[in-house]
Amino acid sequence: MKSFLATAFVLLSGFTLLADAHISFRYPCPRRGAYSECPQPGPGQWEMIDYDIRSPIGTHGNIVSPMCKHPSSFDGTRPVFAAGQTYQANMDIGAYHKGGSCQWTLSYDNGTTWVVIQDNLLTCMADASNGVQYKMPFKIPAGAPSGKAILNLMWNNNEGNRELYSSCADVVISGTNGGSLSGVAPLIANYGPNSPFIQEQALAGGDYGQAYFAARKPITVTVPATPAKRSLFGRRHN
Ligand SMILES: *[C@@H]1O[C@H](CO)[C@@H](O)[C@H](O)[C@H]1NC(C)=O
């Protein structure tokens, strides 16, 4: 009996876990995810691993986590993405919710401001399925300045609870030394009662929040040039 109950509990918690699990980056590595190929916790950081990395950051009723979920990654090497190039992200999909709207955004100031670099509205991950890894291309804009940045995939699902997801990877952009990046600031919908509300797409007769996406405000961020090494370290004595 005891082992039957134990089995039932394991099955039940497995089910709960599955029901809670939706989507995350797997490549590039999401902050503090549990993927073996990603940066690992240092000594004393094991409790910081996020085994629920695929869960949303909030619903329209409730903010659960801050944007990006975590303030930083474990120490490790950041992937370098070149301006003008296209890369394949690998998504870890628990539940795909009939897809949704993706806004790919970059921040050069540690998450204070975000610029949308790519939209995949309405059909983002719509041809995925539950429990798969799924490849999606994203392009770093030509002319993007060099620097450490956060790549944040924001996703509003088409079906199910009205949620916002934010999957963040710490990356390095290789582009121009100093410059600016222009685009629109992302729509942050279904993230607490004060945010815009996007209905389930089927229930809304196809409306996926077009008017909100269309009303996003232009934004330009500026990244200062990195001085040549000589000026950082002073004159060489040799
Ligand atoms: C970035 O912001 C987070 C808070 O969101 C903070 O904990 C962290 O120290 C900041 N990182 C840097 C490099 O400033």
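Two strands count as paired if DSSP finds at least two bridges between them, and strands themselves are DSSP runs (E, at least two residues), just as helices are runs of H or I with at least four residues, all numbered from the N terminus. The chain looked at here is a predicted model, so to speak of a local feature takes pLDDT of at least 70 and side-chain atom pairs count only at pLDDT 80 or more, while totals for chains, interfaces and linings use all residues. Residues are numbered from 1 along each chain as its sequence is written, and side-chain values use heavy atoms, with hydrogens and water left out.

Overall, there are three helices and eleven strands, laid out along the sequence as α-β-β-β-β-β-β-β-β-β-β-α-β-α. Of the 238 residues, 43% are buried (under 20% relative accessible area, 1.4 Å probe, protein chains only). Among contacts (heavy atoms within 4.5 Å) with a separation of 6 or more, 75% link residues 24 or more positions apart. About 12700 Å² of the chain is exposed surface, by the Shrake-Rupley method with a 1.4 Å probe, and carbon and sulfur atoms supply 57% of that area.

Now for one of the sheets. Three strands form an open, antiparallel sheet in the order β1-β4-β7. Its edges are β1 (23-27) and β7 (132-139), each paired on one side only. Neighbouring strands in this sheet are turned by 40° against each other on average, direction ignored, with axes taken as lines fitted to C-alpha atoms. Strand β4 (residues 86-93) runs antiparallel to β7, and eight bridges join the pair. As for T86, its bridge partner in β7 is K139.

Conventions:
Buried means under 20% relative accessible area, exposed over 50%, partly exposed in between (1.4 Å probe, protein chains only). Axes are lines fitted to C-alpha atoms, for helices over the stretch in contact, and angles run from 0 to 180 degrees between N-to-C directions.
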